[in-house]
Amino acid sequence: MPFVSNLLGKLVTDADGERIGRVNDLIASVHGDIPHPLVTALVIKRRRSTLIVPFSDVAALVAPAI
C-alpha cells in the first residue's frame with residue numbers, strides 16, 4: 001500500500017482511460033482491533049465538483065493513474 005503523500009494529486013481515470021480528476025483526499029475508518037485505519041473511499045477533485053469513489057471501485061493504486 002502506498003503512502004497517502006504518494007496518492008494526493010494523482011490522476012484518476014475510468015476503465016476506458018478517460019480522465020475523472022485527481023485524488024484530493026482519502027476517507028478512512030477504524031475497525032475494532034485492526035491496528036490502522038482502513039481506506040474506504042477516495043475524494044476526487046474535478047474541475048467544478050468533488051466526487052467520492054468507494055475504495056471497492058478502485059482497480060489499481062500503484063500505476064501511472066488510479
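The protein, seen here as a predicted model, is built from 1 helix and 4 strands. Read from the N terminus, these elements follow the order α-β-β-β-β, with the helix ahead of the strands. A reader tracing the chain for the first time can therefore expect to meet helix α1 at residues 4–7, and then the strands that make up the sheet.

The sheet is a good place to start. Its 4 strands form an open sheet in the order β1-β2-β3-β4, and the pairing is antiparallel. Strands β1 (11–13) and β4 (50–54) lie at the edges; each has a single partner strand, so one side of each is left without a neighbour in the sheet. From one strand to the next, the twist averages 45°.

The pairings can be followed across the sheet. Strand β1 is joined to β2 (residues 19–29) by 3 bridges, and the two run antiparallel. Here Val 12 stands opposite Gly 21 of β2. Between β2 and β3 (residues 38–45) there are 7 bridges, again in the antiparallel sense, and Ile 27 is found opposite Ala 41 of β3. Ala 41 also has a bridge partner in β4, namely Pro 54. The antiparallel strands β3 and β4 are joined by 5 bridges, and they form a hairpin with 4 residues between them. As a general point for anyone viewing such strands, side chains in a regular strand alternate between the two faces of the sheet.

The helix offers a residue to look at as well. Ser 5 belongs to helix α1. Is Ser 5 buried or exposed? With a relative accessibility of 59%, Ser 5 counts as exposed, because the cut-off for that class is over 50%. Ser 5 and Asp 25 are separated by 20 residues in sequence, and their C-alpha atoms lie 9.9 Å apart in space.

Some values describe the protein as a whole. Its C-alpha trace spans about 40 × 25 × 20 Å along the principal axes. Of the 66 residues, 21% count as buried. The protein exposes about 4,800 Å², and carbon and sulfur atoms supply 55% of this area. Among contacts between residues at least 6 apart in sequence, 27% join residues at least 24 apart. Finally, there are 7 positive and 6 negative charges, and the mean positions of the two groups are 14 Å apart.

Terms used. Residues are numbered from 1 along each chain as its sequence is written. This is a predicted model: local features need pLDDT of at least 70, side-chain atom pairs count only at pLDDT 80 or more; totals for chains, interfaces and linings use all residues. Side-chain values use heavy atoms; hydrogens and water are left out. Buried means under 20% relative accessible area, exposed over 50%, partly exposed in between (1.4 Å probe, protein chains only). Contact means heavy atoms within 4.5 Å. Accessible areas come from the Shrake-Rupley method with a 1.4 Å probe; for residues, only the protein chains shown count as cover. Lys and Arg count as positive and Asp and Glu as negative; His and the chain ends are not counted. The place of a charge is taken as NZ of Lys, CZ of Arg, CG of Asp or CD of Glu. Two strands pair if DSSP finds at least two bridges between them. Axes are lines fitted to C-alpha atoms, for helices over the stretch in contact, and angles run from 0 to 180 degrees between N-to-C directions.
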